[in-house]
Amino acid sequence: MGRTLTNHELAAAANYLAVRDRSLALILEAYGPPPMWGRRPGFTTLVRIIIEQQVSLVSARAMFERLRANIEPFTAERFIELGDAFLRSLGMTRQKSAYCLNLAQAGVTGRLGSLSRLSDDDAHAALLQIKGIGPWTAQVYLLMALRRPDIWPNGDVALAASVMRLNKLKARPTFPELAAMAERWRPFRSVAARMLWQYYLARKEQDVRVSRTS
């Protein structure tokens with residue numbers, strides 16, 4: 001398997017994991033192989049992931065769409081040209097505006113373009129050097145944009161919720177406990193994460209349908 005996961009490899013890895021883990025087998029049996037959720041590598045995707053930090057996906061989507069509607073072209077250079085005051089006028093917090101401008105500085109110096117050529121550890125370390133990009137943001141970028149096969153997004157609440165529900169636990173596992181559990185899914189932790197996200201979204205949709213009919 002190469003450094004970038006393909007659709008065929010994703011399905012094969014899901015089957016590999018299902019043979020070795022009953023919980024993942026239940027997901028595969030119910031919903032099939034997980035979707036290849038992906039995002040285009042580069043500045044725009046990292047801006048979006050920064051916006052998604054610690055807010056709901058609905059709020060993040062609205063903020064990102066507001067940025068896209070008001071910033072043309074949507075480039076690192078344009079962000080720097082417009083500056084903090086403009087970004088904050090669109091509703092960005094002071095902190096996230098600063099993070100996006102730090103990212104833009106990294107973009108104009110070419111630090112983002114080389115990530116795809118680096119190993120997982122080196123790409124992760126390079127992203128962490130940009131203020132505003134923490135471990136979860138870097139891991140999600142490696143998983144979603146660079147489509148690396150063995151990345152675990154540590155600190156993801158949806159993954160913890162899925163593991164709790166699948167295993168009928170009384171409480172969500174802590175993030176260190178979850179990361180330790182994920183070790184058994186090497187070398188396809190990214191695929192396991194995709195399967196657990198798939199399960200989380202499917203069950204959330206089912207719960208909404210039930211609440212509407214009750």
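1. Let me start with Asp 150, which touches Asp 120, Arg 186, Pro 187, Phe 188, Arg 189 and Ser 190, leaving aside residues up to four places away in sequence; contact here means heavy atoms within 4.5 Å. Asp 150 sits in the loop between α8 (135-145) and α9 (157-166). Helices are DSSP runs of H or I with at least four residues, strands are runs of E with at least two, and both are numbered from the N terminus. Asp 150 counts as buried because its relative accessibility is 14%; the cut-offs are under 20% relative accessible area for buried, over 50% for exposed, and partly exposed in between, with a 1.4 Å probe and protein chains only.

2. Some housekeeping before going on. This is a predicted model, where local features need pLDDT of at least 70, side-chain atom pairs count only at pLDDT 80 or more, and totals for chains, interfaces and linings use all residues. Residues are numbered from 1 along each chain as its sequence is written, and side-chain values use heavy atoms, with hydrogens and water left out.

3. Which side chain makes a polar contact of 3.2 Å with the side chain of Asp 150? The partner is Arg 186. A polar contact is a pair of N or O atoms within 3.5 Å; within protein, one must be able to donate a hydrogen and the other to accept it, and residues adjacent in sequence count only if both atoms are side-chain atoms. Arg 186 is also one end of a cis peptide bond, the other end being Pro 187, with omega about 5°. Pro 187 lies in the loop between α10 (175-182) and α11 (189-213).

4. Ser 190 belongs to the neighbourhood of Asp 150 too. Ser 190 is in helix α11, and it counts as buried because its relative accessibility is 0%. A polar atom of the Ser 190 side chain lies 2.7 Å from the backbone nitrogen of Ile 151. Apart from residues up to four places away in sequence, Ser 190 touches Leu 143, Arg 148, Pro 149, Asp 150 and Ile 151.

5. Leu 143 leads us to α8, where it is one of the buried residues. Is α8 largely enclosed or largely open? It is largely enclosed by the rest of the structure, because 9 of its 11 residues are buried. Among them are Gln 139, Tyr 141 and Met 144. Just after α8 comes Arg 147, with a positive phi near 55°.

6. Now for backbone geometry worth a second look. Most residues other than glycine have a negative phi, and most peptide bonds are trans. A cis bond runs from Glu 72 to Pro 73, with omega near -5°; Pro 73 is in the loop between α4 (57-70) and α5 (76-89). Gln 54 has a positive phi near 60° and sits in the loop between α3 (43-52) and α4. Lys 168 also has a positive phi, near 55°, and is found in the loop between α9 and α10. As for burial, Gln 54 counts as exposed because its relative accessibility is 82%, and Lys 168 is exposed at 74% relative accessible area.

7. Further along α11 is Gln 206, which counts as partly exposed at 26% relative accessibility. Its side chain makes a polar contact of 3.2 Å with that of Arg 203. C-alpha to C-alpha, Gln 206 and Ala 123 are 37 Å apart, with their positions 83 residues apart in sequence.

8. Zooming out: the chain has 11 helices and 0 strands. Its radius of gyration is 18 Å, close to the 17 Å from the globule rule for 214 residues, so the chain is as compact as a globular protein of that length; the radius is taken over C-alpha atoms, and the rule is 2.2 Å times the number of residues to the power 0.38. Along the principal axes, the C-alpha atoms fill a box of roughly 50 × 45 × 30 Å. Of the 214 residues, 45% count as buried. Among contacts with a separation of 6 or more, 63% come from residues 24 or more positions apart.

9. Last, the surface and the charges. The accessible surface comes to about 11,200 Å², with 53% of it belonging to carbon and sulfur atoms; areas are from the Shrake-Rupley method with a 1.4 Å probe. The chain carries 30 positive and 18 negative side chains, and the centres of the two sets are 4 Å apart. Lys and Arg count as positive and Asp and Glu as negative, without His or the chain ends, and each charge is placed at NZ of Lys, CZ of Arg, CG of Asp or CD of Glu.
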